[in-house]
Amino acid sequence: MALLPLPGLAQLSSPMPAGVAGTGPGVHSPNSPFAPLMPRDDVLPWSLLSDVKLKKVSNRLLPDYPPHVLRLDNKRQRVQGFMMPLEPGQRQKHFLLTSVPLTCSFCTPGGPESMVEVKTSSPIAYTLEPVVVEGEFSVLADDNYGLYYRMLNAVVVK
């Protein structure tokens, strides 16, 4: 028996075809109360970060980055996105920055190509609004948590 949305109730996240949950750059739901990210020339575009394929290596799937993504590694970068806290509290030092806002507190809004793990130098205030962070950007070849990107010593910029 298939479960269908009930008439009259808002669907908070976009429906995803079977088998693709947790992959892709993320979909900004038209029902989201938050506006999509505004394009900025001073940040890495998510279209660039999501330009990743997968390769099979010894019964595992690992990211296969194109050269233009690999050139970002170990350089200071800026990324714009939505905070997904990894710890409780109003001030965060460790969170995921995502390309689209969360629609479910138990789900990631897209695959690993749609998020950057961020560790800040000092705690920053949690917000539901988009933020821009700048820090030491890493492209991860084989992360234990399946992440593709990490930013260390990050700070919030305007």
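Which residues does Q77 touch, not counting residues up to four places away in sequence? In this predicted model, Q77 touches L44, L72, V133, E134, G135, F137 and M151. The report below sets this residue in its context, beginning with the overall architecture.

**Overall architecture**

The protein contains 2 helices and 7 strands. Along the sequence, these elements follow the pattern α-β-β-α-β-β-β-β-β. The protein has 158 residues, of which 39% count as buried. Its accessible surface comes to about 9700 Å², and carbon and sulfur atoms account for 59% of that surface. Among contacts between residues at least 6 apart in sequence, 62% join residues at least 24 apart.

**Strand pairing**

The pairings discussed here involve strands β3 to β7. Strand β4 covers residues 91-98 and runs antiparallel to β5, residues 115-125. Strand β5 in turn runs parallel to β7, which spans residues 149-157. Strand β7 also pairs with β6, in this case in the antiparallel sense, and β6 pairs with β3, again antiparallel. The table lists each pairing with its bridges and one pair of facing residues.

| Strands | Sense | Bridges | Residue pair |
|---|---|---|---|
| β4 and β5 | antiparallel | 7 bridges | H94 and K119 |
| β5 and β7 | parallel | 3 bridges | V118 and M151 |
| β3 and β6 | antiparallel | 7 bridges | V79 and V133 |
| β6 and β7 | antiparallel | 7 bridges | E134 and V155 |

In a regular strand, side chains alternate between the two faces of the sheet.

**Strand β6 and the surroundings of Q77**

Strand β6 consists of residues 131-139, and 8 of its 9 residues are buried, so the strand is largely enclosed by the rest of the structure. Two residues of this strand have bridge partners named above: V133 is the partner of V79, and E134 is the partner of V155 in β7.

Q77 itself lies in strand β3, residues 75-85. Is Q77 buried or exposed? Its relative accessible area is 13%; because this value is under the 20% cut-off, Q77 counts as buried. The contacts of Q77 include V133 and E134, the two residues of β6 just discussed. M151 is also among the residues that Q77 touches, and M151 of β7 stands opposite V118.

**The second largest pocket**

About 250 Å³ of space lies in the second largest pocket. Its lining is made up of 16 residues, with L54, L61, P63, P112 and Y148 lying nearest the centre. The elements that give two or more residues to this lining are β1 (53-57) and β2 (60-64). Strand β2 provides the largest share, 4 residues. By residue class, the lining divides into 8 nonpolar, 5 charged and 3 polar residues.

**The segment before α1**

V27 is found in the segment before α1 (46-49). How far apart are V27 and S99 in sequence and in space? These residues are 72 positions apart in sequence, and their C-alpha atoms are 8.6 Å apart in space. V27 has a relative accessibility of 44%; because this value falls between 20% and 50%, V27 counts as partly exposed. By contrast, Q77 in the strand β3 is buried, at 13%.

Definitions and conventions: Residues numbered from 1 in each chain as written. Predicted model: local features only at pLDDT ≥ 70, side-chain atom pairs only at ≥ 80, totals over all residues. Heavy atoms only, no water. Buried < 20%, exposed > 50% of the residue type's maximum accessible area, 1.4 Å probe, protein only. Contact = heavy atoms within 4.5 Å. Areas by Shrake-Rupley, 256 points an atom, 1.4 Å probe, with all protein chains shown as cover. Pairing = 2+ DSSP bridges. 1 Å grid on protein atoms, 1.4 Å probe; cavity = no way out; pocket = protein on both sides within 12 Å on 5 of 7 lines; lining within 4 Å. Points joined across faces, edges and corners; volume = space filled by probe spheres on them. Nonpolar A, V, L, I, M, F, W, Y, C, P; charged D, E, K, R; others polar.
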